[in-house]
Amino acid sequence: MQSMMTSARRLSGPIVGVLTVSLLVSCAGKKQPGATTTSTDKQWDQQQAEIQYRVLQAELKLAKSNQAYLVLDFQRNQLEIKLQGTTVWNYPMTIEKTEASELHEFSERFMGSQQNVVRPLLFKYLFAASSRTPDSILAIVSGATMFPSELLQRTIPERFQLKWSDDIVLDIRTDIVGKPGSKWKNTMVDIRQAIAGHLGDALVSVKMPKDNAITLYRAAVIGLPTLIYPAS
Amino acid sequence: MKKVFFFVIVPLVFLVGVLVVFMAITREKPPEGIKLALVDTVATNFPKDEKLARKELGNAEKSLLKLKPVKPYIVIDTHANRIYYRTEDSIYLDAVCSTGSGSELIDSVTKRKWVFNTPRGVFKIHNKIKDPWWRKPDWEFIANSEPIPKNESDRMDGNVMGDFAMGFGDGFFIHGTIYERLLGINVTHGCVRLGTEDLHKLVELTPIGTSVYIF
């Protein structure tokens with residue numbers, strides 16, 4: 001009996017060791033949510049790799065131009081503006097009221113049946129905003145510099161939307177309280193999106209500080225090439 | 001049966017009709033002249049063989065990495081009037097600046113036209129000048145309704161560009177200002193103005209040859 005106990009104790013050491021090692025190996029091999037296939041991944045996903053390859057090829061093409069482009073990186077939850085492949089502006093997204101499935105829907109809708117990872121920005125809608133510099137100050141500056149005051153003013157958006165074809169919407173909100181451009185039109189847009197939402201509209205809502213929103217709002221010109229790193 | 005038709009089906013059809021009309025009316029039309037297929041990413045020749053596919057993906061990742069600057073670079077955000085000295089992951093300096101107003105000036109006599117924009121794109125720091133002098137261009141005299149001087153020394157002003165100027169090409173500089181209160185507003189003729197303290201920090205951080213990204 002004692003010898004049995006001793007042999008059991010002797011065996012328990014290696015068993016625990018083997019279990020620990022196998023547990024560590026399995027944890028290391030596990031993909032983190034949101035991770036994507038890279039050339040060095042141990043677990044290979046051909047379909048995922050092909051999409052990643054398309055994204056990289058598309059970015060290489062966009063980087064050849066001297067024009068800035070927007071990157072919706074749902075793999076790293078980041079919004080970026082890039083110029084020749086270099087990040088010139090980035091914001092880690094705090095995604096509001098959006099579930100993982102909605103990110104997938106957004107990504108899938110963006111790529112469409114042709115798996116296209118680049119779309120031009122088609123619409124920009126400002127719901128409400130405030131002025132960064134008081135008009136009275138700008139009037140003095142304008143008088144001194146002889147530049148028109150409307151060129152000197154910067155709009156701080158309270159809420160705006162960027163929209164691509166096929167009803168793909170990025171809704172940006174800040175903490176400031178702005179003046180609505182048109183309450184009637186805002187209501188119409190909201191109603192339309194509430195209906196479209198039930199019909200399969202792809203909308204992601206992002207909250208950001210006002211300074212970041214100023215840059216994104218102004219940099220997002222109609223036609224701006226937008227690249228997506230889709231949620232995996 | 002008639003009741004069901006009048007009280008259920010008719011209102012339902014009416015409601016659907018209203019919704020369809022509403023969605024059609026409020027549908028935005030895409031702006032004209034926008035190319036929808038910006039980059040053709042459909043025709044990729046991605047290998048089916050895993051080994052080849054890994055190699056191909058690795059090559060694409062490397063090509064993209066090569067585009068990223070190894071050393072810190074300057075970013076000028078003309079939208080928010082901010083300047084950064086940064087890498088992809090870290091920001092070493094974040095300061096308020098002033099960039100071009102975007103306004104136009106036309107010389108009524110010669111019809112020459114200037115647009116006071118800060119140029120966008122990628123540039124390099126060519127030089128660093130201590131105690132710079134401003135050589136007033138023709139537009140400065142035209143804007144003030146003054147005659148353009150024939151003597152070169154009448155164009156020179158040593159009091160407006162601050163302690164340093166860093167040229168990034170085509171006559172554009174990052175320099176100081178005596179109008180620090182106007183920082184954050186687009187009041188320049190294309191140059192980038194910085195406050196004294198931030199200018200000193202940036203000049204110290206920036207070697208000649210540093211890339212400047214302006215957007």
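Let me start with A:Asn116, which is buried in this predicted model, because its relative accessible area is 16%, and the cut-off for calling a residue buried is under 20%. As for where to find A:Asn116 on the screen, please look at the loop of chain A that runs between helix 3, residues 100–111, and strand 5, residues 118–120. A polar atom of the side chain of A:Asn116 lies 3.4 Å from the backbone nitrogen of A:Val118.

From that one residue, let us step back to chain A as a whole. Chain A has 232 residues, and buried residues make up 50% of them, while its secondary structure comprises seven helices and 11 strands. If we take the contacts in chain A with a separation of 6 or more, 70% of them are accounted for by residues that sit 24 or more positions apart. The accessible surface of chain A comes to about 11600 Å², and carbon and sulfur atoms hold 58% of that surface.

How many of the 10 residues in helix 7 of chain A are buried? The answer is seven, so that this helix, spanning residues 210–219, is mostly covered. If you would like to pick them out by name, the buried residues of helix 7 are A:Asn212, A:Ala213, A:Ile214, A:Thr215, A:Leu216, A:Tyr217 and A:Ala219.

Now I would like to turn to the place where the two chains meet. The size of an interface is often given as the accessible area that is lost when the parts come together. For chain B and chain A, the buried area is about 5500 Å², with carbon and sulfur atoms giving 64% of it, and the contact takes 69 residues from chain A and 63 residues from chain B.

Which charged side chains meet in a salt bridge here? They are those of B:Lys48 and A:Glu50, with a distance of 3.9 Å from N to O, and this is the one salt bridge that the rule finds across the interface. The rule also finds 13 residue pairs in polar contact between the two chains, counting pairs with both residues at pLDDT 80 or more.

On the side of chain B that touches chain A, the elements giving two or more residues include helix 1 (2–26), helix 2 (50–67) and strand 13 (211–214) of chain B. Helix 2 of chain B gives the most to that side, with 11 residues. Sorted by character, the residues on this side of chain B divide into 30 nonpolar, 17 polar and 16 charged.

Terms used
Residues numbered from 1 in each chain as written. Chains lettered and ligands numbered in written order. Heavy atoms only, no water. Buried < 20%, exposed > 50% of the residue type's maximum accessible area, 1.4 Å probe, protein only. Helix = DSSP H or I, 4+ residues; strand = E, 2+ residues; numbered from the N terminus. Contact = heavy atoms within 4.5 Å. Buried area = accessible area lost by both parts, 1.4 Å probe. Salt bridge = Lys/Arg side-chain N within 4 Å of Asp/Glu carboxyl O. Polar contact = N/O pair within 3.5 Å; in protein donor to acceptor, adjacent residues only side chain to side chain. Nonpolar A, V, L, I, M, F, W, Y, C, P; charged D, E, K, R; others polar. Areas by Shrake-Rupley, 256 points an atom, 1.4 Å probe, with all protein chains shown as cover.
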